[in-house]
Amino acid sequence: MSTEPETTEDAEPGKPTGGAETEEAQGDAADAGQVSEAEAELRAQQAERERIEQRKAEKQTPIESGTKLSGKAADLLAAVRAVESGEKPAAAVFEEPAPAPRRSAPEPVRRPQQVRRPQQVPAETVVASSAPAPEAVQAVLRVLGEGGAPETLAPQVAEALGEGADDRLRADPWQLLRVAGVRPEQADGFARALLGAECGPDDERRGRAVTVWLLEQAALAGHTALEMPALLAALAQRGVPEPDSAVQDAIAEGDALVFQDALEETGAKAPTKQDSEQDDSEEDEERPVRVLVGLERYALAEESLADGLARLVNSAPKQDGSAEEWEEAAAAAQGSAGELLRAVAGHGLVLHTGGEASLAEPAALLTAARSLGLRAWAATHGPIGRTRFAALLGSGPDDAPDQGRSPVTTVSGLLAGLEGPGRDAEGALDLDLLIVLDAPQLDVETAALLTESLPDGARLVLAGDPAVLWSVGPGRVFADLLAARICPQVASRRPDPGPLGELVSGIGIGELNQVEAPGKEVVIVPVRDAGEAVHRAVQLVVDSVPRAIGVPAEETQVITPGHGGAVGTRALNTALKERLNPGPGRFGGFDPGDRIVHSPVPGRALPGRVVKADAEGLHLSCEGEAVVVPKERVEQSVRHGWALTAHQAAGSRWPAVVVVLPGDAAQALSRPWVYTAFGRADRHLSVVHGVEQALPRAVAEVPAKPRTTRLPVLLAPQVDGG
């Protein structure tokens, strides 16, 4: 691989300034007259959670001194704003890098630019808008003022606490911890200002609130639950004098659920006849268990997911096409594509693994299934993946199968009813086969919604590369299913081609190899410090890659480990904007033509560009669709997008990618991170390299951080033969 790009001219480095002063547009956002994607998705999730809770109620219950804020309310506001903007991650109590905190979903106005078949959101998903009423915000504002907290937090507090938010906050000031970015010490200061002498570290309300806060932080790190010892230790570190009582109070109040999961003994030998004869005499011996505590929403989603997967595994799929027709289609396919067709022919749930080249196999399955008369659809993590997969089928992403065109959607669009086949009279997706690509990006809530939305007799194929980063949201669904081995698994034998394929494949097995790159497919650019890293990254995007590789700046994506710091996405985007689209940033720091990434709901990143700004809000074009983000939501949901994190980039690919690894990024690197970042490049990869030996060490020695989940335990008793 090359060690220096063809750069003869000295491009002036951008100077990160933190953004220009903004002038917000006048007026409220106009009603679009249709359901936005974010709102439709939230409605679908709420309806599904109601169904999950109903099923849960029918099942047996599971076994069972702060100081004031340095006198500055601005410190609290700054902490919240830093988390919302991505400058700082949410509290890293249970550390795992995440691209953004989970926050209330923005409500953009989604305007398709092309006429599509009308899609109806199921009646049961229709709910009122989640925006708090103005009078509720005013009531909360008064309480915040009494406690010395920033009044600008009132809308977030009102939304987080719901009806009667002001009374709830006054009765329990530590409920302020429900707002993303607020830390226990800041909530302590607010509580002391409101309660005076009543406030103390041993307050039961504080213990409960900190327990919930810690479980939320664990969810940000990917855990669906925490083992009891880990939770108790974290509570003690946060100054809770009686951690066990705090957990019990949270459970009694319904803020958390407790579980006892039996553990399999590791390294146990296969049972023999003699072992079986001794079973009766050992009945009284207790099996080892682990006690877990989790938030209700993730616990119920994980149980619902296990139910749905068991239903798929244990039921016979609908017979469309004869066995001979399936076998004929499998024989016509090559290699592992034929294996995939044979597995899907006789099973309701199938897993498929492989890299980018392996996408040809789900494409062959989709084509064959449709030829056999199945209502077959594919869903990708994001719109870029949707466009790429549709290209494999020879048609566009917006086309519908009954018009002889490609049945490819995004997962979010499918669940919201804005894309795909719609739903039948019973509320299930109107399909026979669903192929979900980018499956490692499924968190437990999204996966539960998908499985519960499938009709009886449907087939589900989860396909993806197990070496990439896991989902932003909690859970490791695809990895847990692969480990559980409850259904057929088909591993693709198609290697990713060329020097880039060779490099990324080596990273996947823990080897950072030097590859021959005669076409400058891989270029390493050494740097000494953060300033040089920013300078080189900008120079590559603006000059070197377009000139030497032939890929324009608008098709080149920069990827870096985090949002904050001297070489985070914020600093890089500021420098890139100066060179590629300078402007005053009159609307929330944005100008027409700016490259952006829009997050309509947590865990989703939609690349696009700014079209204009007016009284309605910020007008974006995201992969061919018009989106209007209300001005009050811009700061929370839109960022510049010339530079992204690897989590934001997952599920997408670009012709050229510049990965920036500054010296302070060593601790953030892992094998999945490097694999994901390097694997986003189609034709060219430049690595701005300032971490020296930390890069090969991360590839060889730093696997994915473990996540605590219950899915494997939940699946075992529900699957026949499990």
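**Strand S8**

I began with strand S8, residues 433–436, in this predicted model. I wanted to know which of its faces are covered, and I found that both are. Leu433 and Ile435 are buried on one side, and Leu434 and Val436 are buried on the other. This fits a general rule I noted: side chains in a regular strand alternate between the two faces of the sheet.

Next I looked up the neighbours of S8. Strand S6, residues 376–380, is joined to S8 by four bridges, and the two run parallel. One pairing I wrote down is Trp377 with its bridge partner Leu434 in S8. Strand S9, residues 459–464, is also joined to S8 by four bridges and also runs parallel to it. There I noted Leu433, whose bridge partner in S9 is Arg459.

**Asp438**

I then moved to the loop between S8 and helix H17, where Asp438 sits. Asp438 is not a glycine, yet it has a positive phi of about 55°. Is Asp438 buried, exposed or partly exposed? Its relative accessibility is 23%, so I entered it as partly exposed; the cut-off for buried is under 20%.

**Helix H18 and Arg485**

Helix H18 covers residues 477–484. How many of its eight residues are buried? I found six, so the helix is largely enclosed by the rest of the structure. The buried ones are Val477, Phe478, Ala479, Asp480, Leu481 and Leu482.

I also checked what covers them. The list includes the helices H11 (296–314), H17 (444–453) and H26 (711–715). It also includes the strands S5 (349–353), S9 and S10 (489–491). S9 had already come up in my notes as a parallel partner of S8.

Just after H18 comes Arg485, with a positive phi of about 55°. Arg485 is a residue other than glycine, and it lies in the loop between H18 and S10. I looked up its accessibility as well: the relative accessible area is 61%, so I entered Arg485 as exposed.

**An open sheet of three strands**

I turned to another sheet, which is open and has three strands in the order S2-S4-S3. The pairing in this sheet is antiparallel. Which strands are at the edges? They are S2 (226–227) and S3 (257–262), each of which pairs on one side only.

I looked at one pair in more detail. S3 and S4 (residues 289–294) pair in the antiparallel sense over six bridges. Within this pair, Asp261 has Arg290 of S4 as its bridge partner.

**Helices H7 and H8**

My last entry is on H7 (residues 204–220) and H8 (residues 228–237). Their axes come within 10 Å and cross at roughly 120°. That angle makes H7 oblique to H8, because it falls outside both 65 to 115 degrees and the range over 145. The crossing is right-handed.

Which residues make the contact? From H7 I listed Gly207, Val210, Thr211, Leu214 and Leu215. From H8 I listed Leu231, Ala234 and Leu235. Sorted by class, the contact has six nonpolar residues, two polar ones and no charged ones.

How values were computed. Residues are numbered from 1 along each chain as its sequence is written. This is a predicted model: local features need pLDDT of at least 70, side-chain atom pairs count only at pLDDT 80 or more; totals for chains, interfaces and linings use all residues. Side-chain values use heavy atoms; hydrogens and water are left out. Axes are lines fitted to C-alpha atoms, for helices over the stretch in contact, and angles run from 0 to 180 degrees between N-to-C directions. Angles under 35 degrees count as roughly parallel, over 145 as roughly antiparallel, 65 to 115 as roughly perpendicular and the rest as oblique. A crossing is left-handed if the near helix is turned anticlockwise from the far one by less than a right angle, and right-handed if clockwise. Contact means heavy atoms within 4.5 Å. Ala, Val, Leu, Ile, Met, Phe, Trp, Tyr, Cys and Pro count as nonpolar, Asp, Glu, Lys and Arg as charged, and the others, Gly among them, as polar. Buried means under 20% relative accessible area, exposed over 50%, partly exposed in between (1.4 Å probe, protein chains only). Two strands pair if DSSP finds at least two bridges between them.
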